[in-house]
Amino acid sequence: MSAPLRCALVGTGSVANLHARAVAAHPRAELVAVTDVVRDAAEAFAGRYGDPHVYDDLAALLEAERPDVVLICTPPGVHREQTLAALAAGAHVVVEKPPAPSLEELDEMRAAASAAGRHLAVVFQQRTGTAAAHVRSLLGSGALGRPLVATCQTLWYRGADYFAVPWRGKWETEGGGTTLGHGIHQLDLLAYLLGDWASVQARLWRLDRETETEDVSTATVLFDGGVVAQVVTSAVSPRETSSIRIDTQKATVTVDHLYGHGHENWRITPAPGSEDEAREWTMPDVEERSDHAPLLRDVFDAILDGTPLPDTAAEPARSLELVAAMYASAAADGAVVTPADLAAHPTHRRSFASPVVDLRADR
């Protein structure tokens, strides 16, 4: 394609600002239209980003604009219908995480993209950045020896005001709790670094918040390569952190951050006897932080150049399948769930709703 990508944005909440700035930063993309269920919000948003056309709904936008790319920044419960509509109109789709509230809906979205010959990219921006790429390369090449054990922590804090938003904390409209809405970011980065998972055992907990869904989850994940990972996700942790630690035969790799990471957030500590090799593990001289901008840049470039999606936007189902397996395991009182189990699961491909152990003092 020689003309700029004509981008349209659906939903003008806080995350939409990251998308709009990424479009503005790309030399061959432009934001031509936006829509939101609240017209005033869409108009105010458009005023901040070059006054693209504002529409009352997605159908009117698609009919009038015929955009090349539709950026979906709405709650997960409507991702499927909006994605299918955009694909039917001939657009590529970039959808915020979680891509859908069920695996069946994501399967339908992926099949529609394939049938239309269009890309479907999911925003997991924690995969991006030069540090994550560097560590993934070291792990994949065997430079650090075999990975052995890992921890993955998403310890965030979301108060009553956060859950007061009508669609949050409900299985029907949000699809899941903190595991799906928050922990999926670090789980996606963990899987990006370690590869496919082999089994999951998990439990869901409601410790303090007034929600249908969990505010804490715990899990043990076994990866295909033999790595055992302990996972904790929380929405009730005042000192917030997002952390991954991977212990290999030759080193410990850690990343400690909150919502984005750069070189300063990563550390590679050599095991005794591996200090000399550690000189080859240093971060690249040029740094790029994790963010929406590099992810959307690489997706836009792939669309413009007619090439496959980059690694940072590939495997759109892997982390959602991992989350689904956690919910399925919790529903079976912590039973082991494998990819084969999940592929034929009678309930958790179409809904993540699961029993939650309620330990609130005032329940």
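Two strands are taken as paired if DSSP finds at least two bridges between them. On that basis the predicted model contains an open sheet of 6 strands in the order β3-β2-β1-β4-β5-β6, in which the pairing is parallel. Its edge strands, each pairing on one side only, are β3 (residues 53-55) and β6 (residues 120-123), and the twist from one strand to the next averages 25 degrees. Strand β5, spanning residues 92-96, runs parallel to β6 and is joined to that strand by 4 bridges; in this region Val95 stands opposite Val122 of β6. Helix α3 (residues 58-65) lies across β1 (5-10), β2 (29-35), β3 and β4 (69-72), and runs at about 140 degrees to β2.

A further open sheet is formed by 8 strands in the order β13-β12-β11-β7-β10-β9-β8-β14, with mixed pairing. Here the edge positions, with pairing on one side only, are taken by β13 (residues 266-270) and β14 (residues 357-358). Within this sheet, 7 bridges join β9 (residues 216-223) to β10 (residues 228-234) in an antiparallel arrangement, and Ser217 stands opposite Thr233 of β10. Two helices were examined against these strands. Helix α9 lies across β7 (147-157), β8 (197-206), β9, β10, β11 (236-248), β12 (251-257) and β13, running at about 155 degrees to β7, whereas helix α11 (residues 318-331) lies across β8 and β9, running at about 60 degrees to β8.

Helix α9 also packs against another helix, α6 (residues 130-141), at an angle of about 40 degrees and with the two axes 8 Å apart. Because an angle that is neither under 35 degrees, nor over 145, nor from 65 to 115 counts as oblique, α6 is described as oblique to α9. The contact involves Ala132, Val135, Arg136 and Leu139 on the α6 side, and Leu189, Tyr192 and Leu193 on the α9 side. By residue class, this contact of α6 with α9 comprises 6 nonpolar residues, no polar residues and 1 charged residue.

Empty space in the model was considered next. The largest pocket has a volume of about 1200 Å³ and is lined by 45 residues, of which Ser14, Val15, Cys73, Trp167 and Arg168 lie nearest its centre. Two or more residues of this lining are given by each of the elements α1 (14-25), α4 (79-88), α8 (171-174) and α9 (178-194), and the largest share, 4 residues, comes from α9. The lining of the largest pocket divides into 17 nonpolar, 18 polar and 10 charged residues.

As for enclosed space, the count comes to 1 cavity of 30 Å³ or more, and the largest cavity holds about 50 Å³. The residues lining the largest cavity are Tyr162, Phe163, Gly169, Glu174, Gly176, Gly177, Thr178, Gly181, His182, Thr213 and Glu214. Helices α7 (160-163) and α9 each supply at least two of these lining residues, with the largest share, 3 residues, coming from α9. The lining of the largest cavity consists of 2 nonpolar, 7 polar and 2 charged residues. Helix α9 thus recurs across several of the features described: α9 lies across strands that include β7 and β13, packs with α6, and supplies the largest share of the lining both of the largest pocket and of the largest cavity.

Key
Residues numbered from 1 in each chain as written. Predicted model: local features only at pLDDT ≥ 70, side-chain atom pairs only at ≥ 80, totals over all residues. Heavy atoms only, no water. 1 Å grid on protein atoms, 1.4 Å probe; cavity = no way out; pocket = protein on both sides within 12 Å on 5 of 7 lines; lining within 4 Å. Points joined across faces, edges and corners; volume = space filled by probe spheres on them. Nonpolar A, V, L, I, M, F, W, Y, C, P; charged D, E, K, R; others polar. Axes fitted to C-alpha atoms, helices over the stretch in contact; angles between N-to-C directions. Contact = heavy atoms within 4.5 Å.
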